[in-house]
Amino acid sequence: KNIQSHMKKPTIQETPPAEQPKKTQGYFSAIKTEMIAREMSISDNTETGARRPWKPNAEQIAYWKAQEEHPWVYVAKPRQVGLTTAATLSDVLWCTARDGDGDRARCAIVVDTEDKVRERMLLAADFARQLMGTPLKQVTTERLVWPRGTELIGLTAGGSRVGASMTYQRLHLSELPFWTNGEDTYAALMPSLTPGGQIVIEST
């Protein structure tokens with residue numbers, strides 16, 4: 001709620017040491033993540049379907065470096081620097097790694113509107129398609145399921161029971177200041193994060 005967006009470059013801040021959970025599985029190094037991104041393409045025009053090679057920028061690389069070192073990362077960003085794209089790739093890599101280990105883990109992407117949830121999940125599905133030689137077990141605009149059961153779930157903030165009856169090992173909270181009933185939703189989500197879980201909060 002208190003994230004500010006007046007800075008020219010993203011401000012990346014980790015939680016104080018006393019509040020940090022221990023580092024958990026599912027991390028890719030910043031260098032490896034950048035190398036993977038450079039082998040991928042991203043949509044350049046949603047209407048025409050045009051695509052272009054992904055050339056990660058300095059802000060995206062800075063985010064990956066912060067995530068490599070800190071399980072909890074907060075990002076205050078300007079618009080149009082691709083931090084959401086970078087964080088979504090990290091979500092997909094995390095799910096792929098955890099599923100490869102047979103963990104049946106769960107990650108949630110929580111955004112302020114249903115349209116944005118749909119956009120993020122389509123982006124994640126596209127990244128998974130490019131990464132994996134085998135298809136996902138389930139692909140919808142609300143849920144992606146990996147072959148061994150790991151899930152990436154899209155949630156709209158402000159719903160009546162966001163995150164209820166579920167546990168997550170990773171939370172990706174996007175556009176937090178714009179959430180309806182943001183404080184209540186955040187408070188409801190945090191108990192669903194397992195001890196040692198990962199969290200990234202990114203917003204303009």
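Is Glu175 buried or exposed? With a relative accessible area of 5%, Glu175 is buried. That residue returns in one of the close-up views below, all of which are taken from a predicted model.

**View 1. Helix 3 and the turn that follows.**
Helix 3 covers residues 83–100, and here is a quick check on its geometry. At 1.5 Å a residue, its 18 residues should span 26 Å, and the C-alpha atoms at its two ends are indeed 26 Å apart, so expectation and model agree. The helix is mostly covered, with 14 of its 18 residues buried. Just after the helix, look for Gly102, which takes a positive phi of about 75°.

**View 2. Two cysteines without a bond.**
This view shows Cys95 and Cys107, whose sulfur atoms are 4.8 Å apart. Why is there no bond here? A disulfide is a covalent bond between the sulfur atoms of two cysteines. The cut-off for calling one is 2.5 Å between the sulfur atoms, and the sulfur of Cys107 is 4.8 Å from its closest cysteine partner, in Cys95, which is too far. The count of disulfides comes to zero, and Cys95 is in none. Both side chains belong to covered residues: Cys95 counts as buried because its relative accessibility is 0%, and Cys107 counts as buried at 0% as well.

**View 3. An aromatic cluster.**
A pair of aromatic rings is described by the distance of the centres and the angle of the planes. Searching the whole structure gives two aromatic pairs. One of them joins Trp54 and Phe127, and it is stacked, at 5.5 Å centre to centre with 10° between the planes. This pair links distant parts of the chain, since its members are 73 residues apart. Trp54 sits in the loop between strand 3 (50–53) and helix 2 (58–69), while Phe127 belongs to helix 4 (residues 114–131). Trp54 is buried, with a relative accessible area of 3%, and Phe127 counts as buried at 0%. Trp64 is there too: Trp54, Trp64 and Phe127 form one aromatic cluster.

**View 4. The largest pocket and its lining.**
Rolling a probe the size of a water molecule over the atoms shows where empty space is left. The largest pocket holds about 1100 Å³ of space. It is lined by 31 residues, and those closest to its centre are Ser43, Thr84, Thr85, Glu119 and Leu123. Which elements give two or more residues to this lining? They are strand 2 (41–45), strand 3, helix 3 and helix 4. Helix 4 gives the most, with seven residues. Sorted by class, the lining has 12 charged, 11 polar and eight nonpolar residues.

**View 5. A loop with two positive phi angles.**
Most residues other than glycine have a negative phi, and most peptide bonds are trans. Here we come back to Glu175, which is not a glycine and yet has a positive phi of about 55°. Glu175 lies in the loop between strand 9 (168–174) and helix 5 (182–189). Asn181 is found in the loop between strand 9 and helix 5 too, and this non-glycine residue also has a positive phi of about 55°. Glu175 counts as buried because its relative accessible area is 5%, under the 20% cut-off.

**View 6. Contacts around helix 4 and the loop after it.**
Val117 lies in helix 4 and counts as buried at 6% relative accessibility. Its C-alpha atom is 7.5 Å from that of Glu142, with the two positions 25 residues apart in sequence numbering. Pro135 is found in the loop between helix 4 and strand 6 (138–139). Is Pro135 buried or exposed? At 68% relative accessibility, Pro135 counts as exposed. The C-alpha atoms of Pro135 and Trp146 are separated by 8.0 Å, and the two residues are 11 apart along the chain.

**View 7. Ser203 and a distant neighbour in sequence.**
Ser203 is placed in strand 10 (residues 193–203). With a relative accessible area of 0%, Ser203 is buried. How far apart in space are Ser203 and Tyr74? The two residues are 129 apart in sequence, and their C-alpha atoms are 8.6 Å apart.

How values were computed: Residues are numbered from 1 along each chain as its sequence is written. This is a predicted model: local features need pLDDT of at least 70, side-chain atom pairs count only at pLDDT 80 or more; totals for chains, interfaces and linings use all residues. Side-chain values use heavy atoms; hydrogens and water are left out. Helices (H or I, at least four residues) and strands (E, at least two) are DSSP runs, numbered from the N terminus. The expected span of a helix is 1.5 Å times one less than its number of residues. Buried means under 20% relative accessible area, exposed over 50%, partly exposed in between (1.4 Å probe, protein chains only). Rings of Phe, Tyr and Trp (its six-membered ring) pair if their centres lie within 6.5 Å; planes under 30 degrees apart count as stacked, over 60 as edge-to-face and the rest as tilted. On a 1 Å grid over the protein atoms alone, a cavity is a set of points where a 1.4 Å probe fits but cannot get out, and a pocket is an open set with protein on both sides within 12 Å along at least five of seven lines; lining residues have an atom within 4 Å of a point. Grid points are joined across faces, edges and corners, and a volume is the space filled by probe spheres set on the points. Ala, Val, Leu, Ile, Met, Phe, Trp, Tyr, Cys and Pro count as nonpolar, Asp, Glu, Lys and Arg as charged, and the others, Gly among them, as polar.
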